[in-house]
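User: Please take a close look at one packed part of this protein for me, then work outwards from there. Keep it chatty; I'm at the bench and want to follow along in the viewer.

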Amino acid sequence: FDLKNEDLVDIQELGQGNGGSVKKVEHLPTKTHMAKKTVLIDAKPSVRKQILRELQIMHDCHSKYIISFYGAFLADPNICICMEYMDRGSLDGIYKKIGPIDIDIVGMIALAVLEGLTYLYDVHRIIHRDIKPSNILCNSRGEIKICDFGVSGELINSIADTFVGTSTYMSPERIQGAQYTVKSDVWSLGISLIELALGRFPFSQSDSDDETDSDLEGTLSPSSMMSGLSLADLPVVSEDGTSGEGGGGAGYRRQKKKKDPAAAAKKDKRKSKGVSLQGGGMTMSILELLQHIVNEPAPRLTEGRYPKEAEAFTDACLKKNPVERMTPKDLLEHEWIRTSRESTVDLEAWASTF
Ligand code: ATP
Ligand code: MG
């Protein structure tokens, strides 16, 4: 593709992030649909050109777990990055729409992300640096791919200068100023997977939106009534969950039946164990969150609610000491990932349910 801005017509706005905005566009000469990311870069022309040069590495990234790159160009004062359009969007949008994602699907997402990270690192020595649900995309063929990885040091610098958001998938060592390694991506993956399985960001009890709040209210009251039972009750539900695990293609079907009570009990249990930082539904500040990540135990999938291997996997991702944390490549050999590789769950069918 020889991409020029005038050949691209806007079709739809896909979303806004810290760095810029993303639109679905059509490349008129080839009738190709693309996702065009526009990033405002407040930098000298020489720096912009450097960024553009660095982005060209993406032309050499070929993996079914990585978003394809069509090209990048300058459109002052912006840099436009054109990439493969993923028609089911990102996983944050998906779980916000359909609720907690079935653990068998989460396992297949984990597998895809690990394959993508391993490819980037082994073949190109690229560390992703921004693994989170909004950077994991899905299409109607049931493919899961990662995007927005840190290929350009200059781009990272330029965006960091203007960064104001909540970098909440950051590992403890990153928060403490250590160098970024491929293991920091593993931490971010662990947080992301728990978020998908729970249907909410694992560090916060209540989100800012009303929907989650009312959901919390609604589920807390009935499960609070069982709170005396809830701990003893958990293994029963877990056995049930484990026995349904080999359910193959119907994996996503169980979600409605099981994940809702699971999520409710999870919230309840968290509350009783005092894992949450929040009192009275207050959202913690970014500083509190960063302190929490460094000082408190890492989040976990509720014991007994999910397959043992899934719990062991997220625990392995969320070792606070990076020395103890495994690399993406090592994690590809993990029991849960082996199971996911052999799973007969149909991601294409799943992707047609939302
Ligand atoms: P941040 O800026 O903090 O990284 P973000 O990832 O949500 O957050 P963007 O990368 O700008 O921000 O993306 C905005 C939204 O656009 C994403 O949430 C995603 O839903 C959508 N999006 C991004 N790339 C694509 C793509 N290739 N295909 C389809 N949708 C996309
Ligand atoms: Mg993104």
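Analyst: **Around helix α11**

The buried residues of α11 pack against α3, α6, α12 (328-331) and α13 (335-342). Bear in mind that this is a predicted model. To find the helix, go to residues 308-317, where the buried positions are Ala310, Glu311, Phe313, Thr314, Ala316 and Cys317.

Now step off the helix. Between α11 and α12 there's a loop, and threonine 327 is part of that loop. With a relative accessible area of 22%, Thr327 counts as partly exposed because the buried class stops under 20%. Setting aside residues up to four places away in sequence, Thr327 touches Lys183 and Val186. Its C-alpha atom is 9.4 Å from that of threonine 181, even though 146 residues separate the two in sequence.

Lys183 is a handy place to pivot, since it is also among the contacts of glutamate 173. Glu173 belongs to helix α5. The relative accessible area of Glu173 is 8%, so this residue is buried. Beyond its neighbours within four places in sequence, Glu173 is in contact with Ala178, Lys183, Ser184, Lys320, Pro322 and Arg325. One of those partners deserves a zoom: the side chains of Glu173 and Arg325 make a polar contact at 2.8 Å.

Follow the chain on from α5 (172-175) and you reach glycine 177, in the loop before α6 (182-198). Gly177 counts as exposed, because its relative accessibility of 58% is over the 50% cut-off. From Gly177 to arginine 125, it's 21 Å between C-alpha atoms, with the two positions 52 residues apart along the chain.

Arg125 takes us into the loop between α3 and β6. Like Gly177, it counts as exposed, here with a relative accessible area of 56%. Check its backbone too: phi is near 55 degrees, a positive value in a residue other than glycine. Lysine 31 also has phi near 55 degrees. You'll find Lys31 in the loop between β2 and β3, and with a relative accessible area of 65% it is exposed. While you're on backbone details, look at the peptide bond between aspartate 76 and proline 77: it's cis, with omega about 0 degrees. Pro77 lies in the loop between β4 (69-75) and β5.

Back to that α3-β6 loop, since it leads to the metal. The magnesium ion (ligand 2) is coordinated by Asn135 through OD1 and by Asp148 through OD, at 2.0 Å. Asn135 is in the loop between α3 (103-124) and β6 (136-138), while Asp148, 13 residues away, is in the loop between β7 (144-146) and α4 (153-161). Asn135 is buried at 3% relative accessible area, whereas Asp148 is partly exposed at 28%.

Both residues also reach ligand 1. The shell around this ligand has 21 residues, and the closest are Asn18, Lys37, Ser90, Lys132 and Asp148. Sorted by class, the shell has 7 nonpolar, 9 polar and 5 charged residues. Here are three pairs to check on screen. A polar side-chain atom of Ser90 is 2.7 Å from an oxygen atom of ligand 1. For Asn135, a polar side-chain atom is 3.0 Å from a ligand oxygen. For Asp148, an N or O atom of the side chain is 2.8 Å from an oxygen of the ligand. On its own, ligand 1 has 600 Å² of accessible area, and the protein covers 90% of that. Two or more shell residues come from each of β1 (8-16), β2 (20-27), β3 (32-40) and β5 (78-84). Among the elements, β1 gives the most, with 3 residues.

Zooming out, the chain has 14 helices and 7 strands. Of its 354 residues, 51% count as buried. The accessible surface comes to about 16,700 Å², and carbon and sulfur atoms account for 51% of that area. For contacts between residues at least 6 apart in sequence, 69% join residues at least 24 apart. The pair you started out towards, Thr327 and Thr181, is 146 residues apart in sequence.

Key:
Residues are numbered from 1 along each chain as its sequence is written. Chains are lettered from A and ligands numbered from 1 in the order in which they are written. This is a predicted model: local features need pLDDT of at least 70, side-chain atom pairs count only at pLDDT 80 or more; totals for chains, interfaces and linings use all residues. Side-chain values use heavy atoms; hydrogens and water are left out. A residue is near a molecule or strand if one of its heavy atoms lies within 4 Å of it. A polar contact is a pair of N or O atoms within 3.5 Å; within protein, one must be able to donate a hydrogen and the other to accept it, and residues adjacent in sequence count only if both atoms are side-chain atoms. Accessible areas come from the Shrake-Rupley method with a 1.4 Å probe; for residues, only the protein chains shown count as cover. Helices (H or I, at least four residues) and strands (E, at least two) are DSSP runs, numbered from the N terminus. Ala, Val, Leu, Ile, Met, Phe, Trp, Tyr, Cys and Pro count as nonpolar, Asp, Glu, Lys and Arg as charged, and the others, Gly among them, as polar. Donors are N, O and S atoms within 2.8 Å of the metal (3.2 Å for Na, K and Ca); water is not among the atoms, so sites may look incomplete. Buried means under 20% relative accessible area, exposed over 50%, partly exposed in between (1.4 Å probe, protein chains only). Contact means heavy atoms within 4.5 Å.
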